[in-house]
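Reader: Could you walk me through the labels used for this structure, and the reasoning behind each one?

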Amino acid sequence: DVVFSDHDRNVIHDYYAYQHQHRKKMPPGLAKRDQLPPGLQKQLVRRGQLPPGLQYHPLPYDLRRRLSPLPDDFARVMVEGSFVLFNKNTRIIYDVIHDF
């Protein structure tokens, strides 16, 4: 199963903790710390699908290169204050880190 490993979770946490500590520009979703509307938040669950038209942001390259490799058809993205791992072809969500 394709998921955020403990290593990936720690790398993401450490990366953004360092960014925050050194006051670098945070990604839009993390800087605002906004919540998605409840209906959309409920859709961000394992084995759910990314809603059509939902805006997400790719992880920064310097973070992506530290994470474990993914199959070609998968991506890790930020959606507001959450990290989502999904299949780019089917849009099925395989894992979520909520409320970072």
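Author: Happy to; what follows takes the labels in turn, for what is a predicted model.

Reader: Let's start with confidence. Where is it lowest and where is it highest?

Author: Helix H2 (residues 28-32) is lowest, with a mean pLDDT of 51, while helix H4 (residues 61-64) is highest, at 95. The chain as a whole averages 82, and 75% of its residues score at least 70.

Reader: What is the pattern of helices and strands along the sequence?

Author: The order is α-α-α-β-α-β-β-β, which comes to four helices and four strands.

Reader: Why is Phe86 called buried?

Author: Buried means under 20% relative accessible area. Phe86 has 1%, so it counts as buried.

Reader: And why is Tyr56 called partly exposed?

Author: Its relative accessible area is 31%. Partly exposed covers what lies between under 20% and over 50%, so Tyr56 gets that label.

Reader: What makes Tyr56 and Phe86 an edge-to-face pair?

Author: Ring centres must lie within 6.5 Å, and planes over 60 degrees apart count as edge-to-face. Here the centres are 5.5 Å apart and the planes 65 degrees, so both conditions are met.

Reader: Which parts of the chain does that pair tie together?

Author: Tyr56 lies in the loop between helix H3 (38-43) and strand S1 (57-58), and Phe86 in strand S3 (residues 82-87), so the pair ties together parts 30 residues apart in sequence.

Notes: Residues are numbered from 1 along each chain as its sequence is written. This is a predicted model: local features need pLDDT of at least 70, side-chain atom pairs count only at pLDDT 80 or more; totals for chains, interfaces and linings use all residues. Side-chain values use heavy atoms; hydrogens and water are left out. pLDDT is the predictor's confidence in each residue, from 0 to 100. Helices (H or I, at least four residues) and strands (E, at least two) are DSSP runs, numbered from the N terminus. Rings of Phe, Tyr and Trp (its six-membered ring) pair if their centres lie within 6.5 Å; planes under 30 degrees apart count as stacked, over 60 as edge-to-face and the rest as tilted. Buried means under 20% relative accessible area, exposed over 50%, partly exposed in between (1.4 Å probe, protein chains only).
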